[in-house]
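Please walk through this model, starting with its internal cavities and ending with a single buried side chain.

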Amino acid sequence: MAPLRALPEEMVIWEILVRLPPKALLRCRTVCRAWRSITSTRDFLLAHHVHQPALLLLDDCTNYEKGISDSLNIICFDHRAGVATPDQLQPIARLTAQTSFHLDAALMRVDCGSDNISYYHPVVSCDGLLVLCVKDSGFFICNPATRQYARLPLPLGHAWWLLGMYPHPSTDEYRLLLYSYKRITEDERQDACRVLALGSGHPPRHIGLPNAITLGLDDPHVLFRGSLHWCTSDYDGECKTIGVFDTRSELFREMRTPVVACCVDLFEMDDMFGVAILDCEKIIDIWVLQDYEREIWVLNHRIELPFAEIRVQCDKYDTYIRSSFYVSVMPGDGELLVLVKFADWLFRVGTDGKLVATLHRKGLDRTYFQLKQSLVSHTFFHALEDYAMNAPPFI
């Protein structure tokens, strides 16, 4: 403690403690009452959240492959320079199933993007909050850092898809954009888009359906300039337009894409909106919106994937590998993160097309989400069903 005592208290708190990972900060709170008091204020916690890195959330399917499908390991991939390979996997928390949460599947249906999923499946990440699809049970929201967990209050008798989550610009509420349908007769059903304000105590509010806009039910969304964006694909799987939902006006619109393609990833980074288009599984074209209002796209750069080098490296360890590659592009704490999933390997490729890092672990897959941890405690949790903190399903 002697070196710290030589530093001004203001520097210790606002230059050192504010940059610590959540678990390390919580341990530092036990040092003295003054530290515990100042690091528990909302202003400090908001500043602490700003300094946390936005890390890629990984999908750990290890337990599912072993037949233990009722748990989830929340793991992040720390790709920052200087982080040793063994430390790149950051375990954040672990959840296990609660059988009391099970609902009749005939009354509640949720869409997780695939029938072959484990019990838990992340579907949205926003400001340190995770929304999980729980198989045959509904949607749940949690904060892995504060260990808060609750069920989302969605009416029974509907089929639900979660389109996005966002902080509402006027009220500071966290809201969910949802799509639902309810079967009326064998040949008739009611479709609607709804908005749920977390903690309001009100049911999801009907906002109608967008005209002639394809909803991205299974596509990840990007929040940029107060609007949710997602790819809209036709029956051929081609993305021809981008769906946009203005979170302030709650209106839908479309914007054009730079080119028509099948494999498109949207991203937002440093106040820049862009798309990554994979062509023939070898070339990635990065397009950015030079003028968002006028929808003027420019080709930023082109990445040639080092598939030959990747295949050679995999063959050293595994003779019987699949030939399928899965490529995703997303922001990675100040830089674009290009990931190639191949068999049990996860490869990081630089924007210059060179192989940067290799991660080999069975059952580990990339997601399209980032987790920027936050110790901010949200009061809306207390108004939700089955609220728990520092209790199951966290273990």
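The largest cavity is lined by Leu57, Leu58, Asp59, Leu72, Asn73, Ile74, Pro122, Leu130 and Leu132; a cavity is a set of points on a 1 Å grid over the protein atoms alone where a 1.4 Å probe fits but cannot get out, and lining residues have an atom within 4 Å of a point. The elements giving two or more residues to this lining are β1 (55-60), β2 (71-77) and β6 (129-134), strands being DSSP runs of E with at least two residues and helices runs of H or I with at least four. The volume of the largest cavity, the space filled by probe spheres set on the points, is about 40 Å³.

This is a predicted model, in which local features need pLDDT of at least 70, side-chain atom pairs count only at pLDDT 80 or more, and totals for chains, interfaces and linings use all residues. Residues are numbered from 1 along each chain as its sequence is written, and side-chain values use heavy atoms, without hydrogens and water.

The second largest cavity has a volume of about 30 Å³. Among the residues lining it are Phe77, Gln88 and Arg348, while β23 and β24 each give two or more residues to the lining.

Strands β23 (345-349) and β24 (355-360) are also among what covers the buried residues of α7, with contact meaning heavy atoms within 4.5 Å. In α7 (residues 307-315), Phe307, Ile310 and Cys314 are buried, that is, under 20% relative accessible area (exposed is over 50%; 1.4 Å probe, protein chains only). On the other side of α7, Ala308 and Val312 are exposed.

Glutamine 148, in strand β8 (residues 148-151), is buried, with a relative accessible area of 0%.

Conventions. 1 Å grid on protein atoms, 1.4 Å probe; cavity = no way out; pocket = protein on both sides within 12 Å on 5 of 7 lines; lining within 4 Å.
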